[in-house]
Amino acid sequence: MTHIEYKYLNRVETPADLRQLTIDELPRYCEELRQYIIEQCAVNPGHLASSLGAVEIAVAVHYVYDTPTDKLIWDVGHQAYAHKIITSRRDAFTTNRKLNGISGFPRMAESEYDAFGAGHASVSISAALGMVKAAQLRGEQFKTIAVIGDGSMTGGLAFEGLNNAGADKNNDLLVILNDNNMAIDHATGALNDYLLRMSTSKSYNRFKQGLWSLFSHIPPLLRLCQKAGNAIKHGLLQNSNLFESFGFRYFGRIDGHDVKQLVRTLTALKDIHSPKLLHVMTTKGHGYQPAEQDLTVWHAPGRFNPDTGERIKSASDKARYQDVFGHTLLQLAEQDSRIVGVTPAMPTGCSLNIMMEKMPERCFDVGIAEAHAVTFSAGLAAAGQVPFCNIYSTFMQRAYDSIIHDVALQRLPVVLCLDRGGIVGEDGATHHGVFDLAYLSCIPNMIVAAPSDELELRNLMYTALKSGSPFAIRYPRGEGRGVEWMNAPFEELPIGKGRQLREGEDVAVLAIGKTCNFALEAAQAAQTEGHSVAVYDLRYAKPLDCEMIKSVGSRFSRIITVEDGVLRGGVGEAITKVLTDAGSRAKITTLGIDDTFIEQGTPAQLYNLCGYDAQGILKVIKS
């Protein structure tokens with residue numbers, strides 16, 4: 001990376017300062033912003049490539065519009081780092097995604113410039129329309145801009161917003177489509193193909209952009225050209241414009257890295273009072289060659305050398321849970337032709353790409369569309385396949401109705417694999433997968449399991465295949481314990497049965513998933529201080545091993561439950577009910593996450609903060 005001197009970066013504390021620059025100074029400021037983002041993300045990992053691609057959009061919007069009076073809503077907020085730096089958080093950006101630092105996503109509680117939270121995809125248009133209507137009802141005057149990108153336009157919620165917004169010609173809403181042909185992996189689907197066809201129609205775009213530039217300062221002529229534009233567009237594209245069929249006036253495509261052109265275009269669009277969409281073409285990772293060459297890796301690359309692009313990798317040889325899933329699924333698929341893999345735009349993140357490379361015809365990336373992924377899987381199951389539908393736990397929340405009505409109610413053998421279950425770390429409250437054990441366990445017909453190590457995940461996947469029932473497996477982010485799993489023979493684990501991991505006499509710890517390892521560590525430490533602690537692995541949140549739980553209740557006067565999830569409606573509450581109904585008089589302490597949202601930090605910091613790491617369990621044992 002070529003380093004440049006910061007000439008403007010330190011002069012811009014707020015958008016008001018930005019507007020003091022001349023338009024000719026903006027390209028240099030964008031270069032400095034991009035360099036600053038690279039330098040900071042090199043030592044404090046974050047979402048790099050997406051934010052590099054959206055630098056000019058952030059600068060142009062804040063330059064043209066009167067933020068925070070005008071409302072800027074970002075979709076998939078990991079593209080908003082430049083926005084954060086421009087809006088009074090340049091120095092605080094060194095704390096990005098750290099404990100007690102700023103969030104990696106726009107967050108209303110953090111800044112008046114963050115008009116709406118943006119951890120999940122496809123929300124911006126609906127939220128922006130709500131703000132437009134609120135302004136009309138309150139008699140307020142402000143502009144509303146929604147920036148949607150990184151594949152978010154494939155989400156059903158985006159289309160619901162477009163459909164509603166376009167029906168009212170009086171709403172002054174601008175949607176900026178940041179079209180980089182990417183989500184985390186390459187974008188897929190018919191809409192993506194349509195955008196590519198539209199954006200590569202050179203004759204139409206050359207002709208339209210020429211007229212736009214010529215008449216941008218002559219509004220009457222510009223409006224006349226816009227009226228004629230549809231006829232020209234239909235002739236050259238051979239079909240109608242998707243966005244105009246929703247009632248939006250379509251403008252584009254334009255170069256999203258030409259900040260001067262963006263400023264001129266946005267300035268002209270401010271005076272058009274109707275729903276409008278600006279199609280902006282950008283490159284994910286723009287301005288940093290390593291990121292441009294490998295977009296998926298550099299979406300969130302971890303620590304790296306900014307000068308060479310060399311990534312600083314962990315020396316650990318332990319397998320990640322996602323890779324255990326990917327390799328195990330391929331092995332199972334080689335044995336059973338009914339198995340297919342499904343993911344909503346996360347094949348690399350969840351390691352479905354391992355099976356995709358060998359069996360592409362049996363793997364389906366459905367785009368950022370979680371509810372569709374689950375119902376699509378239900379359709380596959382109804383027709384005789386066994387789909388393994390892999391969705392991050394936090395995103396599975398968006399498919400809840402589909403789980404209930406399309407899978408569980410019909411008892412279809414869909415295997416829901418919930419990656420990133422529990423605390424995930426620096427992505428914070430929007431991404432922690434802490435609700436799944438609670439929201440899945442209350443659904444009839446569902447089997448809900450959580451492995452405590454890599455081998456358990458492998459065997460639970462095999463068990464799910466054999467079960468013929470709706471089956472959810474939630475497993476954590478990151479590395480496992482380091483147990484041998486790759487070549488182990490498959491073992492079917494009895495459904496609804498736990499196991500004892502450690503003998504003890506004084507206290508019993510009932511844990512599930514990753515917390516079993518915390519419990520074992522705490523029990524070992526307690527032994528050195530004279531406490532005899534038994535540890536049990538529940539394996540299943542539903543059905544619970546009531547026989548084992550009742551046996552524990554009859555033997556121990558003190559019981560601790562531990563889960564990497566919310567306590568309200570969680571496993572601890574269910575165990576307490578089993579013991580209470582059985583007449584147990586044991587003192588029960590439930591450890592997990594209280595009725596609150598947990599912010600960002602390293603997983604170790606957050607486990608400790610919530611009080612259910614090994615140290616927290618040991619404290620309760622000794623109390």
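This tour moves through a predicted model, from its nonpolar cores to one helix and then to a helix pair.

**Cores.** Select Tyr29 and Val59. In the largest nonpolar core, which has 54 residues, these two touch the most other members. Now show helix H2, residues 26-43: with nine residues, H2 supplies the largest share of this core. Keep Tyr29 in view and add its contacts. Leaving aside residues up to four places away in sequence, Tyr29 touches Tyr8, Leu9, Val12, Leu18, Leu21, Val59 and Ile86. Another core, of 48 residues, lies apart from the largest one; to find this second core, select Cys389, Ile443, Ala541 and Ile549, which are among its members.

**Helix H24.** Select residues 571-581. Val571, Gly572, Ile575, Val578 and Leu579 are buried here. These buried residues lie on the same side of H24, because they span an arc of only 120° around the axis. Turn to the other side of H24 for Lys577, Thr580 and Asp581, which are exposed. To see what the buried residues pack against, display helices H20 (436-441) and H23 (546-555), together with strands S13 (507-511), S15 (540-542), S16 (558-566) and S17 (587-593). Then step to Gly583, just after H24, where phi is positive at about 80°.

**Helices H22 and H26.** Select residues 515-527 for H22 and 614-622 for H26; their axes come within 8 Å and cross at roughly 50°. H22 is therefore oblique to H26, and the crossing is right-handed. For the contact itself, show Phe518, Ala519, Glu521, Ala522, Ala525 and Ala526 of H22, which meet Ala614, Ile617, Leu618 and Ile621 of H26.

Key: Residues numbered from 1 in each chain as written. Predicted model: local features only at pLDDT ≥ 70, side-chain atom pairs only at ≥ 80, totals over all residues. Heavy atoms only, no water. Core = buried A, V, L, I, M, F, W, Y, C linked by side-chain atoms within 4.5 Å. Buried < 20%, exposed > 50% of the residue type's maximum accessible area, 1.4 Å probe, protein only. Helix = DSSP H or I, 4+ residues; strand = E, 2+ residues; numbered from the N terminus. Contact = heavy atoms within 4.5 Å. Arc of directions from axis to C-beta. Axes fitted to C-alpha atoms, helices over the stretch in contact; angles between N-to-C directions. Parallel < 35°, antiparallel > 145°, perpendicular 65-115°, else oblique. Left-handed = near helix turned anticlockwise from the far one by under 90°.
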